[in-house]
Amino acid sequence: MSETLTKLSYQAFQQGKTYFGVVHKTLSSRLMNLIHPNLGHRGKPMTQKVLFKLQQRMNQLLETDWQDTEKGVYPESLLFDHPWSDFFRYYPMVCLELPQIWERSAQKKHQEFSPEIETDGYPSYYVQNFHNQTNGYLSDNSANLYDLQVEILFNGTADPMRRRILSPLKQGLKAFNSLPAKQIRVLDVACGTGRTLRMLRGCLPQASLYGVDLSPAYLRKANQELSEIPGELPQLLQANAEELPYLNNYFHGVTSVFLFHELPAKVRQTVIEQCFRVTKPGGVFVICDSIQISDSPEFAVNMESFPLLFHEPYYRDYTHDDLVGRLEQAGFENISTQVHFMSKYFIAHKPA
Ligand SMILES: C[S@@+](CC[C@H](N)C(=O)[O-])C[C@H]1O[C@@H](n2cnc3c(N)ncnc32)[C@H](O)[C@@H]1O
């Protein structure tokens, strides 16, 4: 009985987030069309058939999310980890930022930063207003709004999509079952505000967790958020994933969520090679990123519209990229892929 109630609460929680996202996007795009009539024409409209398939895939994602808790991959509490209070705390700021986002998008000002933001020392591909966000990834305000913006974008499914890395990761870590749980080390590359590390902590309470990201502001936010949950604080470092500041063969597991579509093709290869270098022989590397044309041709219209509506300069190239080939080139073997809703997963192993 209590299982049924928990499942119903989860479904209601998700439904609430979906309505929130849909209502926000409907109202804000109407307003945008009034102020910037040309911006609305950038993306192609979705057909009923595409909408129906999206709904089907979303239902499957949520069912898989629920089933993974039933299998004990992670605790049910993770399903409710994004509290509404956060939604409402930052929502007014998300709305207040919209006119600037539209203006930036209309003017195609994609490398615009406030004078107080330090942009020196970052790779040029990174100094961008990704998603037309004010100050890209380089301000505290951007870090505060990011999680809510992503949840709205995906109608409340960003966390369920992130959680799909947990089952293959745990499966891969079984290779090290003889070790005490405390000795297992897992690195999250491009950890952002720490959403994935929070999930990793829920699913691997004893493991030593590490996070690396280029943005000091996002790391500050991650540190704040992660210090509120029980368990050892993950070790966070600011660094470029092209030069991971860790020893060779150090981590039993490496994860990366929503990074690769934001990298130029050459950098994707370098980062994969770095992830290979720091993974232990026998260890596992799990990537979560956008679907690609090869696995989801029926959603080509969504993949074409996304980089036009949001500033995503490397996304189109990513959707055609052969990441399995890149993983093999780096040395990974036993590579498999999965697709859940709008995201794709690459599960790769370093030879033992
Ligand atoms: C779309 S966000 C994803 C963040 C987080 N993984 C999540 O699930 O929300 C991309 C993240 O990649 C980081 N990033 C981009 N290029 C990077 C690089 N070369 N090295 C390290 N971090 C990078 C950004 O700072 C940002 O936090």
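Guide: A residue counts as buried if 20 or more other C-beta atoms lie within 10 Å of its own. Keep that cut-off in mind for this predicted model.

Visitor: Which residues lie on the two sides of E1?

Guide: Strand E1 covers residues 185-189, and 5 of its 5 residues are buried. Both faces are covered. One side holds Arg185, Leu187 and Val189. The other side holds Val186 and Asp188.

Visitor: Which residue in E2 stands opposite aspartate 188?

Guide: E1 and strand E2 (residues 208-213) run parallel, and 5 bridges join them. Aspartate 188 is one of the buried residues of E1. Its opposite number in E2 is glycine 211.

Visitor: What is the bridge partner of leucine 187 in E4?

Guide: E1 is also joined to strand E4 (residues 251-257). These two run parallel, with 4 bridges. Leucine 187 pairs there with valine 254.

Visitor: Which helix makes a β-α-β unit with E2 and E3?

Guide: Start with the strands. E2 and strand E3 (residues 235-238) run parallel and share 4 bridges. Aspartate 213 stands opposite glutamine 238 in E3. The unit is right-handed, and its helix, residues 216-226, is H8.

Visitor: Which helix makes a β-α-β unit with E1 and E2?

Guide: E1 and E2 are parallel strands. Their β-α-β unit is right-handed. Its helix, residues 195-203, is H7.

Visitor: How many Å should helix H2 span?

Guide: H2 runs over residues 48-70, which makes 23 residues. The expected span is 1.5 Å times one less than the number of residues. The end C-alpha atoms are 33 Å apart, which agrees with the expected 33 Å.

Visitor: Which elements do the buried residues of H2 pack against?

Guide: The buried residues are Arg57, Met58, Leu61, Leu62, Asp65 and Asp68. An α-helix has 3.6 residues a turn, so residues three or four places apart point the same way. The buried residues of H2 pack against helix H1 (2-35), helix H5 (158-162), helix H6 (166-173) and strand E6 (333-340).

Visitor: Which glycine just after H2 takes a positive phi?

Guide: H2 covers residues 48-70. Look just after the helix for a phi of about 85°. The residue is glycine 72.

Visitor: How many charged residues are in the shell around the ligand?

Guide: The ligand has 19 residues around it. The closest are Ala190, Gly192, Ser215, Ala241 and Val257. By class, 10 of the shell are nonpolar and 4 are polar. The number of charged residues is 5.

Conventions. Residues are numbered from 1 along each chain as its sequence is written. This is a predicted model: local features need pLDDT of at least 70, side-chain atom pairs count only at pLDDT 80 or more; totals for chains, interfaces and linings use all residues. A residue is near a molecule or strand if its C-beta atom, placed from the backbone, lies within 6 Å of it. Ala, Val, Leu, Ile, Met, Phe, Trp, Tyr, Cys and Pro count as nonpolar, Asp, Glu, Lys and Arg as charged, and the others, Gly among them, as polar. A residue is buried if 20 or more other C-beta atoms lie within 10 Å of its own, exposed if 12 or fewer, and partly exposed in between; C-beta atoms are placed from the backbone. Two residues are in contact if their C-beta atoms, placed from the backbone, lie within 7 Å. Two strands pair if DSSP finds at least two bridges between them. A crossover is right-handed if, with the strands pointing away from the viewer, the path from the first strand over the helix to the second runs clockwise.
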